[in-house]
Amino acid sequence: MSIKLCILVVALLLASATISLASEDPELTQCKQQCEPLKQVDKKEAKSCLQKCKDQEKQRRKGGGDGAEEVAENDEREREEVEREGEQTQRRNPYVFEDEHFFTGMQTQHGRLRILQKFTDRSELLRGIENYRVAILEAQPQTFIVPSHSDAETVVFVANGKGTVSSVLQESREGFNINERRESFNIKEGDIFRVKAGTTMYLINRDNNERLVLVKLVQSVNTPGEFEAFYGAGGENPESFYRVFSNEILEAAFNTRSDKLERLLGQQKQGAIIKASQEQIRAMSAQGEGGIWPFRGESKGTNKHNLYEQRPAHSNQYGQLYEIDSNQFRQLRDFDVAISLANISRGAMTALHYNSRATKIGVVVNGEGYFEMACPHLSQSQGSSRWDESQGRSQGQTRSGTGYQKIQSNLKAGTVVVVPAGHPFVAVASNNQNLQILCFEINAYNNQKYTLAGKSNVMKQLEREAKQLAFGVPAREVDEVFNSQPEEFFFRGPRQGRTTA
């Protein structure tokens with residue numbers, strides 16, 4: 001009799017639990033699901049998020065069936081709160097960098113240089129690109145950037161405006177004689193040029209109205225991931241490196257009295273970006289029309305290349321993809337970098353795709369949208385295993401199979417995204433404006449871009465038997481899915497609807 005009673009009690013408890021689960025508020029279930037990604041980042045925040053979900057459900061239950069408008073308002077506030085939690089999770093993922101991840105390298109009232117933090121300061125997952133940095137220079141109209149050199153190789157993309165770049169080169173002949181030359185060329189939006197380490201360079205914004213915006217990819221030659229600018233011209237601000245040498249050294253080196261040297265090196269106090277007169281701008285712009293001084297015109301066309309003047313690699317009504325590698329621009333040859341720009345039309349998207357070797361560093365230069373990426377390193381499907389940042393390897397239980405975490409984030413001008421080699425990736429433009437993403441692709445030599453959807457995609461090339469075995473459904477059903485998209489690389493976006501059933 002007691003055994004039957006125990007069985008009856010257990011059955012009632014199970015039934016009660018089943019009813020409880022079945023009757024759980026759908027909004028509570030959705031709220032809990034949205035808290036799941038936090039477990040991969042911060043367990044305390046995940047626990048706090050779940051508690052908020054429960055508190056919100058209690059509040060809804062208290063309201064009962066009355067006050068529908070108040071309940072609706074509460075629901076809206078709850079959704080907004082969950083979205084904010086999701087945005088915080090996005091900001092903590094190691095592949096996305098926002099404004100707060102930049103610091104100011106230099107700034108005056110006429111412009112500034114913003115430098116992205118070291119990639120490995122964010123995560124050891126990015127140590128493959130630890131020797132690269134991203135920097136963005138902004139200069140107001142009619143300004144002059146003081147001459148300097150740096151201990152880094154630099155590739156520059158002109159994101160906005162017009163300017164003139166000048167550099168001073170020294171070459172030795174027969175090991176003794178020094179041949180000096182100054183090279184000047186004008187730049188405009190879409191131009192790409194390279195500045196070699198140690199080259200003294202200066203530039204102007206020659207436009208009367210528009211800002212000059214340069215996006216730089218910097219590769220260190222001394223300490224990995226670290227670089228410095230060295231100002232010879234200058235004074236107190238920017239400080240000239242001449243000032244640190246003793247007076248007797250400077251007097252002997254320049255064959256000049258120390259009082260003259262002190263005057264020369266003590267006047268400049270306006271900073272590295274200063275206002276220039278129209279006459280000064282006009283004179284330096286004229287030098288940029290010719291090439292190398294005094295042999296004007298000699299190097300024209302070899303020191304820069306315009307990305308927008310390339311024939312697009314892919315183009316349709318949904319977007320254009322422009323690409324340049326070392327075959328088109330020899331200056332990239334020993335840099336092992338390719339450069340591309342995706343112009344995604346309003347509401348459209350790129351194909352899901354990945355690079356075979358290259359790690360993509362994407363910088364949003366214009367527009368808004370979002371991106372998604374499949375990442376095995378932050379997978380929720382890894383059981384109790386975890387990524388150990390300090391050791392750079394997976395710790396814990398052995399995985400029985402590969403699982404993936406969806407990495408996603410909103411995109412806006414200035415956002416930087418890193419897409420490692422092999423990681424499937426997609427970008428979507430907002431319905432309001434085009435989305436333009438500039439990409440520096442590291443390890444570009446022999447890199448291949450593989451598309452996973454569209455007119456040309458990897459899965460279409462599988463044999464019928466391979467399709468059936470891989471997907472577990474008849475090959476005809478696989479073909480129906482992978483042959484349905486008639487476009488190539490750029491598609492109608494998710495919010496624009498499907499063209500076929």
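A residue counts as partly exposed when its relative accessible area falls between the 20% that bounds buried residues and the 50% that bounds exposed ones. Keep that in mind as we walk through this predicted model, starting with Arg211. Its relative accessible area is 37%, so Arg211 is partly exposed. You'll find Arg211 in the loop that runs between strand S10 (200-205) and strand S11 (212-220). Setting aside residues up to four places away in sequence, Arg211 touches Glu138, Ala139, Gln140, Pro141, Asn160, Gly161 and Asn205. Leu137 sits 74 residues from Arg211 in sequence, yet the two C-alpha atoms are 10.0 Å apart in space.

Now step back to the whole chain. The protein has 501 residues, and 44% of them count as buried. Its secondary structure comes to 10 helices and 30 strands. If you take the contacts between residues at least 6 apart in sequence, 76% of them join residues at least 24 apart.

Next, the rings. There are 11 aromatic pairs in the structure. One of them is the pair of Phe97 and Phe119, which is edge-to-face, with 5.5 Å from centre to centre and 85° between the planes. Phe97 belongs to strand S1 (residues 96-97) and Phe119 to helix H5 (residues 119-122), so this pair ties together parts that are 22 residues apart in sequence. Both Phe97 and Phe119 are buried. Phe241 and Tyr242 give us a tilted pair, because their planes stand at 50°, with the ring centres 5.0 Å apart. Phe241 has 28% relative accessibility, so it counts as partly exposed, and Tyr242, at 30%, counts as partly exposed too. Elsewhere, Phe157, Tyr308 and Tyr322 are linked by ring pairs into a cluster.

Some rings have a charge for company. We've already met Phe97: the charged end of Arg122 sits over its ring, 5.0 Å from the centre. Arg114 lies over the face of Phe102, and here the distance to the ring centre is 4.3 Å.

What about empty space inside? The structure holds three cavities of 30 Å³ or more, and the largest has a volume of about 120 Å³. Fifteen residues line that largest cavity, with Ala342, His353, Lys360, Phe425 and Cys439 lying nearest its centre. Strands S18 (337-344), S21 (359-366), S27 (425-429) and S28 (435-442) are the elements that give two or more residues each to this lining. S28 has the largest share, with three residues. By character, the lining of the largest cavity splits into eight nonpolar, four polar and three charged residues.

Let's finish with a few spots along the backbone. The peptide bond from Asn237 to Pro238 is cis, with omega near 0°. Pro238 has its place in the loop between strand S12 (229-230) and helix H6 (247-254). After H6 comes Asn255, in the loop between H6 and helix H7 (258-264). Asn255 is not a glycine, but its phi is positive, near 55°. With a relative accessible area of 71%, Asn255 is exposed. Asn446 also has a positive phi, of about 65°, without being a glycine. To find Asn446, go back to S28 from the cavity lining and look in the loop between S28 and strand S29 (449-451). Asn446 has 53% relative accessibility, so it counts as exposed.

Notes
Residues numbered from 1 in each chain as written. Predicted model: local features only at pLDDT ≥ 70, side-chain atom pairs only at ≥ 80, totals over all residues. Heavy atoms only, no water. 1 Å grid on protein atoms, 1.4 Å probe; cavity = no way out; pocket = protein on both sides within 12 Å on 5 of 7 lines; lining within 4 Å. Points joined across faces, edges and corners; volume = space filled by probe spheres on them. Helix = DSSP H or I, 4+ residues; strand = E, 2+ residues; numbered from the N terminus. Nonpolar A, V, L, I, M, F, W, Y, C, P; charged D, E, K, R; others polar. Phe/Tyr/Trp six-rings, centres within 6.5 Å; stacked < 30°, edge-to-face > 60°. Buried < 20%, exposed > 50% of the residue type's maximum accessible area, 1.4 Å probe, protein only. Lys NZ or Arg CZ within 6 Å of the ring centre and 35° of its normal. Contact = heavy atoms within 4.5 Å.
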